[in-house]
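Me: I am new to this one and would like to learn why its parts are described as they are. Could you show it to me?

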Amino acid sequence: MPVAASDLLLPLKQTFGYSSFRPLQREIIEATLAGRDVFALLPTGGGKSLCFQLPALVRPGMTVVVSPLIALMKDQVDALQASGVAATFLNSSLEAGEARRRLHGLHQGEYKLLYVAPERLMLEGWAENLKAWNVTGLAIDEAHCVSEWGHDFRPEYRQLARLRETLPGVPVMALTATATGRVRTDIVTHLKLHDPATFVASFNRPNLTYRVIPKDQPLKQIIEFVNKRGLESGIIYCASRATAERTAESLAGRGFTARAYHAGLTADERSRHQEQFLRDDARIICATIAFGMGINKPNVRWIIHHDLPKNIEGYYQETGRAGRDGLPGDCLLLFSAGDIAKQTHFLDEITNEHEQAVARAQLRQIAHYAESSGCRRAELLEYFGEKFPGENCGACDNCLEPRATYDGTLAAQKFLSCVYRIRQASRFGAGMNHVIEVLTGADTDKIRRWGHDRLTTYGIGQELSRPQWGAVGRELMRLGYVTVSDGEYATLELTEEGLAVLKNRTAVTLTKPMDTPKARRTVRREGDIACDEILFERLRSLRKRLADERKVPAYIVFGDTTLRAMARHYPDTPGAMEGIPGMGEKKRAEFGEVFAAEIADYLKANSRQAFE
């Protein structure tokens, strides 16, 4: 039976403090309340959690939420409890006595939501527990973990299909923030979803700005970037533990509160550094990809990739940790062609041919993205099968400051001809490095053994360096003139279009390489909430103090969106806070008076500003 709009809007407003839904939230909630299985793909920051939290409040019984990380469970349960929702979690971080108390509460029907890891659900005796607890909803978060094609495969997720037998008739909701078509199919198949209602939101994050710059003294570049961002929180992703440690130490030595996070630290160290970041005691985390999945910190304002990510899906997921509150976020990728060579070397060590081929294809895609002269946003959306409707997104480096082009016909002719001559002379193709070595006249065993020093193209490209030829070759691949073979070895082949360009001497326009940026012009960013910045800082300090007293992260009290709305509208009484986003009834009762008093005190010495 459909749920009336007012039945959903009332708890949305009272509990979570919002007067309207984000795209697709209402439709997803209505489908699960109607008893249907649901597959929901919402980008990071798109409000996935509400899709199972709100139904849990309005239907009888309890909802079980499968979550892969301990930190994620604690964050979400803390936030729910702060909003007055009876929620709990069970995992290995609990002492035996506390775990027993929570189990007793579950048997007494005290909770509306239970967060639990997939492994625990498979333990002996848990099937009987689930049957006894009146489970009426099952939500599987980070559902891409079920697929070997996903960027974070977790074998234990495959076992979750057994819950269909334990909980027949209970609607299952699978949620993910990032998944290609192949991963989506895997999720539906392996979780045995029955004719699911499927919802796929846009992957576009309009509040994020994307930039790629050539890596040149990366520490200096990072310091320059961070210096302009005051007290804002950010994450620096590094390819290795050593780089994460070195970057954190260098930043800390210059007065920034930076911490490292990687698998080489003890569990206590990782937990402590993460907690410091969540509570704003540390503004910067320098991390390997071990950090971030499910970290519910809405006010991360920027992401830097110190090194080239392994694939576009991981990059999208990591950049998506900025601006989850809807306010602007900056994403910067430091790119060096040397990073491609470094990762290619690691790929050579993968023994499984299929895995190696997949990894190579993914590396080519992310390198293509980094070097592309097209709109970054359009490139990301295209990867996920979505077309960006406009020609200029206004929020990436290539749209804000398009790169210059040049007549690259001669360079293209030389490169294409070299690929063609190698194939013609040897009856087999060669990889990118070998083609460049022939062009630049290198003296190697392979060149001598295969007689490629006798080719007419040998040494005809000495006017360009090897990295410059690499950039030309990769752009010709992007233009569709060269492709990589599907065989065991990643050899280059001319496409039909490439052969036509070579034979007809067609003019080819190439893009000039990226310059290290100078001063960037400022643009108004999607998601900006103009407000009294001095008052905002005062409210932020107050929030920090209240959060520290309660030993919770600052956003558990209020998110930045709520603080900026208060610093814009100056509500100096609890009653005036009606309509402030994120101000549910419990939070207004607990914090309204103290924040109103802070605003009233500020207004004694400062006048209200007017905003458009």
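Me: What makes helix H15 and helix H21 roughly perpendicular to each other?
Reply: In this predicted model, helix H15 (residues 353–371) and helix H21 (residues 466–478) pack at an angle of about 100°. Angles run from 0 to 180 degrees between N-to-C directions, along axes fitted to C-alpha atoms over the stretch in contact. Roughly perpendicular covers 65 to 115 degrees, so H15 and H21 earn that name. Their axes are 10 Å apart.

Me: Which residues of H15 and H21 meet?
Reply: Arg364, His368 and Glu371 in H15 meet Ala471, Arg474, Met477 and Arg478 in H21, where contact means heavy atoms within 4.5 Å. By class, this contact has 2 nonpolar, 1 polar and 4 charged residues.

Me: Why is helix H13 called mostly covered?
Reply: Buried means under 20% relative accessible area with a 1.4 Å probe, counting protein chains only. In H13 (residues 312–319), 8 of its 8 residues are buried, among them Tyr315 and Tyr316.

Me: How do you know which strands are at the edges of the sheet?
Reply: Strands pair if DSSP finds at least two bridges between them. The open sheet has 7 strands in the order S3-S4-S2-S5-S6-S1-S7, with parallel pairing. Strands S3 (87–90) and S7 (197–200) each pair on one side only, and these are the edge strands.

Me: What makes strand S1 a partner of strand S6?
Reply: S1 (residues 38–41) and S6 (residues 172–176) are joined by 4 bridges, against the required at least two. These two strands run parallel.

Reply: Residues are numbered from 1 along each chain as its sequence is written. Local features need pLDDT of at least 70, and side-chain values use heavy atoms, leaving out hydrogens and water.

Definitions and conventions:
Predicted model: local features only at pLDDT ≥ 70, side-chain atom pairs only at ≥ 80, totals over all residues. Parallel < 35°, antiparallel > 145°, perpendicular 65-115°, else oblique. Nonpolar A, V, L, I, M, F, W, Y, C, P; charged D, E, K, R; others polar. Buried < 20%, exposed > 50% of the residue type's maximum accessible area, 1.4 Å probe, protein only.
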